[in-house]
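Work through the exercises below with the sequence and the 3D structure open. Each task is followed by a solution in steps.

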Amino acid sequence: MSLLQEWRAVAYEQEKTPREDQLFWANYFNIEKGIYEQLLAEPNTVVEGTVEELAAKYNTDLSIMVGFLDGINDSLKNPNPIEEMEAATKVNLGFDLEKLYFNMVGAKADWLYELPAWDNLLSEEKRKDLYRNSKLSGTVIKEKKVGRNDPCPCGSGKKYKKCCGANQ
């Protein structure tokens, strides 16, 4: 079983009481926040190493590090091979700032996209724009339906029911 499969089994599939589940995720989110605070403190430094080395560097266990790598992978300039990742797999955390912020908003991770470090990294206007775009990316906007007695959208001047709508 790969590290990612082990992480997902522990995080999502393992039978836990609601209280145990809540404690598990509270612990994970706290560790995740700490790692992001360190990463955002030096955003131009690309962190590299094996999964095991990064877990030691951020003072966490291998399983939590794999969960973190799974979460950040879509925000990296060069995604890591998380599906077949082992403890000795070399990974890097070279992230795209805007993509990272956008994905944090999309994940509804307010404890991450509201970190004070963002104030020095992206302007307030840019953050608002990324926030808005992230929220809109999940919104389905339906076009107004043409009514049978409305003018036909083809521009003929006829009613829709006597023109393009007659064939439907």
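The exercises go from the whole chain to single residues, and the model is a predicted one.

**Exercise 1. Fold outline**

Task: State how many helices and strands the protein chain has, and give their order along the sequence.

Solution:
- Step 1. Counting the elements gives 8 helices and 2 strands.
- Step 2. In sequence order, the elements of the protein chain read α-α-β-α-α-β-α-α-α-α.
- Step 3. Among contacts between residues at least 6 apart in sequence, 53% link residues at least 24 apart.

**Exercise 2. Overall dimensions**

Task: Set the radius of gyration of the protein chain against the value for a compact globule of 168 residues.

Solution:
- Step 1. For a compact globule of 168 residues, a radius of gyration near 15 Å would be found.
- Step 2. The protein chain has 23 Å instead.
- Step 3. The span of the C-alpha trace along its principal axes is about 70 × 40 × 30 Å.
- Step 4. Of the 168 residues, 35% are buried.
- Step 5. The accessible surface is about 11,000 Å², and carbon and sulfur atoms hold 48% of this surface.

**Exercise 3. Charges**

Task: Count the positive and negative side chains and say how far apart the centres of the two sets lie.

Solution:
- Step 1. There are 22 positive side chains and 27 negative ones in the protein chain.
- Step 2. The centre of the positive set and the centre of the negative set lie 18 Å apart.

**Exercise 4. The largest nonpolar core**

Task: Find which residues of the largest nonpolar core touch the most other members, and which elements give two or more residues to this core.

Solution:
- Step 1. The core holds 39 residues, and those touching the most other members are Trp7, Tyr36, Leu39, Met65, Phe68 and Leu93.
- Step 2. Two or more core residues come from each of helix H1 (3-13), helix H2 (18-41), helix H3 (51-57), helix H4 (62-72), helix H5 (97-106) and helix H6 (110-113).
- Step 3. H2 contributes the most to this core, namely 7 residues.
- Step 4. Leaving out residues up to four places away in sequence, Phe68 touches Tyr28, Glu32, Ile35, Tyr36, Leu39 and Leu93.
- Step 5. As background, nonpolar side chains tend to be buried together in soluble globular proteins.

**Exercise 5. Helix H4**

Task: Decide how much of H4 is covered, and by what.

Solution:
- Step 1. H4 is mostly covered, with 8 of its 11 residues buried.
- Step 2. These buried residues are Ile64, Met65, Val66, Gly67, Phe68, Leu69, Asp70 and Ile72.
- Step 3. Their cover includes H1, H2, H3, strand S2 (90-92) and H5.

**Exercise 6. A serine in H8**

Task: Is Ser134 buried or exposed?

Solution:
- Step 1. Ser134 sits in helix H8 (residues 124-137).
- Step 2. Its relative accessible area is 7%, so Ser134 is buried, the cut-off being under 20%.
- Step 3. Not counting residues up to four places away in sequence, Ser134 touches Phe102, Val105 and Gly106.

**Exercise 7. Two positive phi angles**

Task: Say where Asn59 and Lys108 are found, and whether each is buried or exposed.

Solution:
- Step 1. Most residues other than glycine have a negative phi.
- Step 2. Asn59, though not a glycine, has a positive phi of about 55°; Lys108, also not a glycine, has a positive phi of about 60°.
- Step 3. Asn59 lies in the loop between H3 and H4, and Lys108 lies in the loop between H5 and H6.
- Step 4. Asn59 has a relative accessible area of 74% and is therefore exposed.
- Step 5. Lys108, at 62% relative accessibility, is likewise exposed.

Conventions:
Residues numbered from 1 in each chain as written. Predicted model: local features only at pLDDT ≥ 70, side-chain atom pairs only at ≥ 80, totals over all residues. Heavy atoms only, no water. Core = buried A, V, L, I, M, F, W, Y, C linked by side-chain atoms within 4.5 Å. Buried < 20%, exposed > 50% of the residue type's maximum accessible area, 1.4 Å probe, protein only. Helix = DSSP H or I, 4+ residues; strand = E, 2+ residues; numbered from the N terminus. Contact = heavy atoms within 4.5 Å. Rg over C-alpha atoms; globule rule 2.2 N^0.38 Å. Areas by Shrake-Rupley, 256 points an atom, 1.4 Å probe, with all protein chains shown as cover. Lys, Arg positive; Asp, Glu negative; His and termini not counted. Charge placed at Lys NZ, Arg CZ, Asp CG, Glu CD.
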